[in-house]
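Trainee: I would like a close look at one part of this protein, the helices in the middle of the chain, and then a word on how other helix pairs are put together. Please walk me through it slowly, residue by residue where that helps.

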Amino acid sequence: MSGNLQGQLTSFVGRGAEIDLASGLLARHRLVTLTGPGGAGKTRLAAEVAAGQGDSCPDGIWWADLATVGDGAAVAEAVAAAVGVPDLGGPLRALTAHLASRRVLLCLDNAEHLLDGVAGTVEAVLRGCPAVTILVTSREPLGVPGEAVMGVPPLSDDDALALFVDRARLAKPSFVLDVSNEAAIRSIAAHLDGIPLALELAAAWVRTLTPQQIEAGLDDRFTLLVRGPRGAQRRQRTLAGSIDWSHALLDDVERAVFRRLAVFEGAFGLPATQALCAGGVVPAAEVLPALGRLVDKSLVVADEHAGELRYRLLETIRAYATARLVEAGEHQTLRDRHLAWYLRFVETTEADRERDSDRWRRALLLEYDNLRAALEWGLAADDPDAGRRLAASLAWLWHFGRRGREGLGYLGKAIGRAPKERSRLQARLLTGLALVADTASPLDVEQDAAGRALELATEVGDEGLRALCLNLSAVGSFYTDFDTAWRLCEQAHLAAKAGGNTFGLGGARALQSIILHLRDRHAEAEAIVDQTVRRHLQHHRGVLSTLLVYEADGAFAAGDVARALDLAAEAVRVAEPLGDHLRVGMARAVLAQIRALTGDLAGAAEAVDPVLRLVEGVEDEVFIPFLDHAMGVLEMRRDDQRAAITWLRRAAASTDRGVATWIAGRALPGLGAALATTGQREEATATLEKAVAVAHRLPLPGPLAEAYGAQAELAAADSDGLVRAVDLHHAALSIRVDHQLRAFQPDSVEALARHGAAIQPSLDDVRVLHASQAARVAMGLPRTTRQQQAFDSATAHLRQALGGPRFDEAAAAGAGLTLDQAVAYVRRARGRRGRPATGWSSLTPAELEVVRLVAEGLTNPEIAARLFISRGTVKTHLSHIFAKLHTANRTELAAAATNRVAIRRQLL
């Protein structure tokens, strides 16, 4: 192959996609220009692409380096000389005549400082030489008709790593990539924006420094990266020299705009650019044209985002521009203007939060890097007022998203800049702290911050802010004290009405509904959230998704599994756009838990795995109420009890100021059951006793029933514990019936039938077991592995004891019963086996507890509240007690109980 394309002295690393793209462009276009900032690797990429074009260029590949050409008029002469054309009749005429009938690839390298001269030469060749294809490298396009422009991007992370390692081995052949230095090298690549020149210069330092030391030195990258190859052009031998070359080609307006763009962090939009870059030598009308030219010159990157162009500087170029901004004496002024612009932007968009919170959140997240930079500057200023206002205005954004802990830091700093101030701004900041803590760290700072904010909001007379503070105080209380939280919600609702705060109206009712769900009063919880409440919450994804989570949990408990799955999926859909660990985590966790309980273990894992990946390595730093418990349930369904114990221990350890939360209250019964199955009876007993105590205190009826059930199974393992086991399961069943917890009623009736069969097998046990089986199938709630083993063992025992035909007949009859019929039967049949018919010994533990409370003087409603049972159940217990003790009324019963206690004391 003819031509003058020379081989390269170093290997070419990566760029597979870019080679394919550039080669494809050359196949379709006669002029292709590779653009990019200095050091981006345009020349090496062009050489690699050119080397692959031999088959399509039988007359050669010709390379002309224009870096040393100082005059546009000399371009044609330099290209002709590179191709080997004698200068006969002028270089351009000679060049076009020579190439007129040849199929060649002409490569023109480093064209940016000779744009007019290169453009003229290229146009003449393209017109006069129909078989010639031209590949150009330049920091900006030529602007010639038919030109296809390809921007050369930074290296990918993996390619950047590979390039550094390759060049490091040239400098130090013994260099090895391993776990001790990979993170540092990847950090170097990120700091240097994947710019090949910068990476090669950095890699050369491995003879003297470790990768970790190189990484540390990149704060002053222009001093560190100064040793390039001896034969390279001077401007390619240092990083600063490469960018100096581009800077020298700018006019005064372009230089001013370029350096002022350094004030931006990350990407920025046109309105901010026009506001901050105008002034002095830059008329307002010149900002946009200058920005366009900087994009063309590869000093500014333009990316399209949602139909809008966003601009950014590579960090290396931004560092250079920052140095120029400081040299010009404009740094302080531009940072102040930057803060003022972004404060105005946030405050003017605040109205959108109530109308369309999704759009508001997207707008602020788009500018988040700059908002953070403005905050840092504003809070460090001698007068921090602007920074404090910005922090207060960003509280909702931190509440909605995954940056809550960062927000807590900024809000704490803003409050600390004026700790004794008694102003509305300070009240907003304290409220913001409580608001963000609600999702980021509710068990650490929320109640204190909300209380301080409430006091100050009341003092300054802001009812809307006061309503929000009351709501947040209620949230802070509700983890350990439902009654206090409920009262605060009522106050918040009144304050929200007075202050016209629609979120306060909806939020207060939503939290009350959640409290009712946790108290297993699901019908009441559904009733309290009417369409007005949902309308108030329609723009508040966080609260709405959280409400859906508890509604799904309640629907499942009520036995409506299909609706529970729909609500959980809807919670995920509503929460997903927030992208935060809390709301997305809660929604996915409850979906996973419901799927696990329906036997869909693969679907459960699919739902929760994204959350586990999100929190991997920071599990102790994030707060997701349902996650640990859901994972415990999933592991129990997988029959991995030890894994379940690990997850449930985490949930059971949840406390607020040393008091167990409802999160712990819901986890403790499962933890106790798992401990029992692994033979840790002593710890299981203590755990279940604590579960009962916490469930009574809050109260949590469902977990109390679950704890009773687990205690019953512990008791049943003892030879003399079956009667107590039956009593405890009856107590659990009473709670589940009174609170309409249909999903868990089969657990109780099956257990009662199993233990009843162990005491004295009967056909009724067969009927109950198969009625429960039918109910499970109807609801879609399979047993756990251990429950199934117990069921199979009980049915085998009953078949053997009663005979096959009788068993089969009873089983068929039982399959035709409803769950309600099975429940009614076991409750009517209570006490027929293993217990005296009359006298104090005939009383069940629940009946003894009712007697004790009657003797204390409690009314039926008070007893019902204390024992989490209905008033009707209390009346039923009393009728049984009267019959067993031969008493006629409460007065005789109280006297008999008092007399019994006195006799026992005398005997003792």
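Mentor: Happy to, and what follows starts with one helix pair, moves along to its neighbours, and ends with two further pairs. Please keep in mind throughout that this is a predicted model.

Let's begin with helix α13, which covers residues 270-277. Its partner is helix α16, residues 331-349. The axes of α13 and α16 come within 10 Å of each other, and they cross at roughly 140°. That angle makes the two helices oblique to each other, because roughly antiparallel is reserved for angles over 145 degrees. As for handedness, α13 passes α16 in a right-handed crossing. On the α13 side, the contact is made by Pro-271, Ala-272, Ala-275, Leu-276 and Cys-277. On the α16 side, Leu-334, Arg-337, His-338, Trp-341 and Tyr-342 take part. Sorted by class, that contact has eight nonpolar residues, one polar and one charged.

You may notice how the α16 positions are spaced. As a general point, an α-helix has 3.6 residues a turn, so residues three or four places apart point the same way.

Now look at Thr-273, which also sits in α13 but is not part of that list. With a relative accessibility of 0%, Thr-273 counts as buried. If we skip residues up to four places away in sequence, Thr-273 touches Leu-261, Phe-264, Phe-268, Val-287 and Leu-291.

Leu-261 is worth following from there. Apart from neighbours within four places in sequence, Leu-261 is in contact with Phe-268, Thr-273, Cys-277, Leu-291, Leu-294, Val-300 and Leu-313. Cys-277 is thus a residue to click on: it touches Leu-261, and it also belongs to the α13 side of the contact with α16. Leu-261 has a wider role in the packing too. The largest nonpolar core has 252 residues, and Leu-261 is among the four that touch the most other members, together with Phe-164, Phe-478 and Trp-662. The largest share of that core, eleven residues, comes from helix α32, residues 581-597. There is also a second, separate core of 30 residues, which includes Ala-64, Leu-66, Val-85 and Leu-99.

Let's go back to α16 and look at another of its residues. Thr-349 lies in this helix, and it is buried, with a relative accessible area of 13%. Beyond its neighbours within four places in sequence, Thr-349 is in contact with Trp-360 and Leu-364.

From α16 we can step across to helix α20, residues 385-393, where Gly-387, Arg-388, Leu-390, Ala-391, Ala-392 and Ser-393 are buried. These buried residues pack against α16 and also against α19, α21, α22 and α23. Arg-389 is in α20 as well, but it is partly exposed, with a relative accessible area of 29%. Leaving out residues up to four places away in sequence, Arg-389 touches Leu-343, Glu-347, Leu-425 and Arg-428. Take the pair Arg-389 and Arg-428: they are 39 residues apart along the chain, and their C-alpha atoms are separated by 8.8 Å.

For another covered helix, try α8, residues 196-203: seven of its eight residues are buried. They are Pro-196, Leu-197, Ala-198, Leu-199, Leu-201, Ala-202 and Ala-203.

Now for the other helix pairs. Helix α25 (residues 463-478) and helix α27 (residues 502-518) pack at an angle of about 15°, with their axes 9 Å apart, and they are therefore roughly parallel to each other. Here the crossing is left-handed. From α25 come Leu-468, Asn-471, Ala-474, Val-475 and Phe-478, and they meet a set in α27 that includes Phe-503, Gly-507, Leu-511 and Leu-518. By class, this contact has ten nonpolar, three polar and no charged residues. Phe-478 is a name you have met already, among the core residues that touch the most other members.

Finally, helix α42 (residues 785-802) and helix α43 (residues 804-815) have axes 6 Å apart at an angle of about 125°, so they are oblique to each other. Thr-795, Leu-798, Arg-799 and Leu-802 of α42 make the contact with Gly-804, Arg-806, Phe-807 and Asp-808 of α43. This time the classes come out as three nonpolar, two polar and three charged residues.

Conventions: Residues numbered from 1 in each chain as written. Predicted model: local features only at pLDDT ≥ 70, side-chain atom pairs only at ≥ 80, totals over all residues. Heavy atoms only, no water. Axes fitted to C-alpha atoms, helices over the stretch in contact; angles between N-to-C directions. Helix = DSSP H or I, 4+ residues; strand = E, 2+ residues; numbered from the N terminus. Parallel < 35°, antiparallel > 145°, perpendicular 65-115°, else oblique. Left-handed = near helix turned anticlockwise from the far one by under 90°. Contact = heavy atoms within 4.5 Å. Nonpolar A, V, L, I, M, F, W, Y, C, P; charged D, E, K, R; others polar. Core = buried A, V, L, I, M, F, W, Y, C linked by side-chain atoms within 4.5 Å. Buried < 20%, exposed > 50% of the residue type's maximum accessible area, 1.4 Å probe, protein only.
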